[in-house]
Amino acid sequence: MSNDGSFLLRTRGLSRRFGGLLAVSDLNLDIRKGEILGLIGPNGAGKSTTFNLISGFIKPSAGKLEIFGRECTGWSPTKISRMGLVRTFQHSSYMRTMTVRDNILLGTVHGMARASQTERKLRVEETADILGVTPYLESLAGTLPHGIQRLVSIAIAFAARPKLLCLDEPLTGLNQTEVVSTLDVFRAIRREFDCTILLVEHNMKAVMSVCDRLVVLHHGQQLATGTPAEIRTNEHVIAAYLGKRHDK
Ligand SMILES: Nc1ncnc2c1ncn2[C@@H]1O[C@H](COP(=O)(O)OP(=O)(O)O)[C@@H](O)[C@H]1O
Ligand SMILES: [Mg+2]
């Protein structure tokens, strides 16, 4: 794969089989530096499996993974996160019985290995401020409203100041006001921290408004790639997935 630095992540022929099921099939994904890229498709299309593959949580059955120009196929999640790729999970993951402050502190483990306690504390507070969860810093994470818990999950991931932040359905269960403010957070993170974002999301209105480009997966395969306007009018995508959903 040739890469002049404009791609943060590339896969070639990336595939993953689970028994007889090809969950991700021959995926050639290119993530450009600085973009917000949406990965969309129906349930079971292979979106979460793609996240697991690029973050090292599962190994590919075939194909190559390149991050920041280095081949990382088969690398561990820890090694990949040290490269600057951090992901969230489809189901919020945090320590329910720990405070929001301590949860976000856990997120600083990657990328702040040699930082002092004071530096980490500042990082936690800056991150809480960006995500709008400062009022909840001393609350136990498990006691908070669902929308706030989603923001805490993102804060934990963003605390490492990743170069590539991969978010798996971050807007699920948020109300319309929370969706709008969270999309603004994504835009601010990209603008102010030079953070590229890969977004898996079912909320089509949100995806269409925040993403620069979209990749559509269907049965593990790449059905289409393009700008939101191109994807919205792509007949294959409409037939397989969108239908009238994007009007919602
Ligand atoms: N660990 C696993 N073992 C067996 N099958 C799996 C596993 N993970 C995912 N799958 C299957 O792979 C397909 C893609 O799943 P997934 O990547 O979670 O889709 P999406 O996130 O797009 O809804 C589904 O058919 C799912 O059942
Ligand atoms: Mg999923």
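Let's start at T99. T99 sits in the loop between strand 7 and helix 3, which spans residues 100-107. Keep in mind that this is a predicted model.

So, is T99 buried or exposed? The cut-off for buried is under 20% relative accessible area. T99 comes in at 17%, so T99 counts as buried.

What does T99 touch, once residues up to four places away in sequence are set aside? The list is L137, E138, S139, L140 and A141. There is also a polar link to the backbone. A polar atom of the T99 side chain lies 3.1 Å from the backbone nitrogen of D102.

Now the sheet. Six strands make up an open sheet, and the pairing is mixed. In what order do the strands run? The order is 7-8-9-4-10-11. Strand 7, residues 85-87, is one edge, and strand 11, residues 221-226, is the other. Each of these edge strands pairs on one side only. On average, neighbouring strands are turned by 15° against each other, ignoring direction.

Look at one pair in detail. Strand 8 covers residues 164-168, and strand 9 covers residues 196-200. The two run parallel, joined by five bridges. Within that pairing, L165 has I197 of strand 9 as its bridge partner.

Next, the helices that lie across these strands. Helix 1, residues 47-54, lies across strands 4, 7, 8, 9 and 10. Its angle to strand 8 is about 150°. Helix 6, residues 176-193, lies across strand 4, strand 8 and strand 9. Helix 6 runs at about 155° to strand 9.

On to the cores. In soluble globular proteins, nonpolar side chains tend to be buried together. Here the largest nonpolar core has 48 residues. Which residues have the most contacts inside that core? They are I40, I104, L131, V133, F186, I197 and I231. Helix 5, residues 146-158, supplies the largest share, with eight residues. The core also draws on two domains, taking at least three residues from each. Domain 1 is 7-84 plus 162-247, and domain 2 is 96-157.

Take I40 from that list. Leave aside neighbours within four places in sequence. I40 is then in contact with K47, E201, M204, V207, L214, V215, V216, L217, I231 and Y241. I231 appears there, and I231 is also among the residues with the most contacts in the core.

Last item. Apart from the largest core lies another one, of 27 residues. Its members include V24, L27, L29 and L164.

Definitions and conventions
Residues are numbered from 1 along each chain as its sequence is written. Chains are lettered from A and ligands numbered from 1 in the order in which they are written. This is a predicted model: local features need pLDDT of at least 70, side-chain atom pairs count only at pLDDT 80 or more; totals for chains, interfaces and linings use all residues. Side-chain values use heavy atoms; hydrogens and water are left out. A nonpolar core is a set of buried Ala, Val, Leu, Ile, Met, Phe, Trp, Tyr and Cys residues joined through side-chain atoms within 4.5 Å. Buried means under 20% relative accessible area, exposed over 50%, partly exposed in between (1.4 Å probe, protein chains only). Helices (H or I, at least four residues) and strands (E, at least two) are DSSP runs, numbered from the N terminus. Domain bounds come from an automatic or database domain assignment. Contact means heavy atoms within 4.5 Å. Two strands pair if DSSP finds at least two bridges between them. Axes are lines fitted to C-alpha atoms, for helices over the stretch in contact, and angles run from 0 to 180 degrees between N-to-C directions. A polar contact is a pair of N or O atoms within 3.5 Å; within protein, one must be able to donate a hydrogen and the other to accept it, and residues adjacent in sequence count only if both atoms are side-chain atoms.
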